[in-house]
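Student: I would like a close look at one part of this model, namely the nonpolar patch on its surface. Which residues form the patch, and what lies around them?

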Amino acid sequence: RTYLQSYVQQSLADNAVCQLLQFAEQRHAPFLSALLMKFSCFPEFVKNFGTAAFLPYVKYPIFLASTIFHGVTFTCLWTWLGVET
């Protein structure tokens, strides 16, 4: 979180979606912002490190809760759909 945070914020400063996500995080609900990041279409690597670097108001308990909620949701989805091997 501390090493690349300034680089990530500078790189994404022009991105309108990221600005809205930061605004929502600061003003409304860090948990909702973390969930939106988790349910986005980005790779898991970007979701985890992006949340840590780009959303400074998301503290560890909120990150952990959103990760668990995201994991349980997709576990239920894949279990319900079934995976054919």
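Tutor: What follows goes from the chain as a whole to the patch, then to its rings, and lastly to a salt bridge.

The model is a predicted one, and its protein chain has 5 helices and 0 strands, so that from the N terminus on the elements run α-α-α-α-α. Of the 85 residues of the chain, 25% count as buried, and the chain exposes about 6300 Å², of which carbon and sulfur atoms supply 70%. Among the contacts with a separation of 6 or more, 68% are accounted for by residues 24 or more positions apart.

The patch you ask about is formed by Phe31, Phe39, Phe69, Phe74, Leu77, Trp78, Trp80 and Leu81, which together have about 860 Å² of accessible area on the surface. Helix H5, residues 60-81, gives the most to this nonpolar patch, with 6 residues. That helix has 22 residues and reaches 31 Å from its first C-alpha to its last, which is close to the 32 Å expected at 1.5 Å a residue. After H5 comes Gly82, whose phi is positive, near 80°. A general point helps in reading a helix of this kind: an α-helix has 3.6 residues a turn, so residues three or four places apart point the same way.

Within the patch, the aromatic rings deserve separate attention. A search of the whole structure finds 2 aromatic pairs. One of them joins Phe39 and Phe69 in an edge-to-face arrangement, with 6.4 Å from centre to centre and 80° between the planes. Phe39 lies in the loop between helix H3 (30-38) and helix H4 (44-54), whereas Phe69 lies in helix H5, so the pair ties together parts that are 30 residues apart in sequence. Ring pairs also bring in Phe74, since Phe39, Phe69 and Phe74 are linked by them into a cluster. Phe74, for its part, lies in helix H5.

How far are these three rings covered by the rest of the chain? Phe39 has a relative accessible area of 37% and is therefore partly exposed, Phe69 counts as partly exposed because its relative accessibility is 44%, and Phe74, at 32%, is also classed as partly exposed. The cut-offs behind this wording are 20% and 50%, with partly exposed lying in between.

Turning from the patch to charged side chains, one comes to Lys38, which has its place in helix H3. The structure holds 1 salt bridge, and in it the side chains of Glu44 and Lys38 meet at 3.9 Å, N to O. The two partners are covered to unlike degrees: Lys38 counts as buried because its relative accessibility is 0%, whereas Glu44 is partly exposed, with a relative accessible area of 38%. When residues up to four places away in sequence are not counted, Lys38 touches Glu44, Lys47, Asn48, Phe63, Ser66, Thr67 and His70.

Taken together, the close look gives a surface patch to which helix H5 contributes the most, a ring cluster of Phe39, Phe69 and Phe74, and a salt bridge between Glu44 and Lys38.

Terms used:
Residues are numbered from 1 along each chain as its sequence is written. Side-chain values use heavy atoms; hydrogens and water are left out. Patches are made of residues with over 30% relative accessible area and no salt bridge: like charges are joined within 9 Å, nonpolar side chains (Val, Leu, Ile, Met, Phe, Trp, Tyr) within 5 Å. Accessible areas come from the Shrake-Rupley method with a 1.4 Å probe; for residues, only the protein chains shown count as cover. A salt bridge is a side-chain nitrogen of Lys or Arg within 4 Å of a carboxyl oxygen of Asp or Glu. Helices (H or I, at least four residues) and strands (E, at least two) are DSSP runs, numbered from the N terminus. Buried means under 20% relative accessible area, exposed over 50%, partly exposed in between (1.4 Å probe, protein chains only). Rings of Phe, Tyr and Trp (its six-membered ring) pair if their centres lie within 6.5 Å; planes under 30 degrees apart count as stacked, over 60 as edge-to-face and the rest as tilted. The expected span of a helix is 1.5 Å times one less than its number of residues. Contact means heavy atoms within 4.5 Å.
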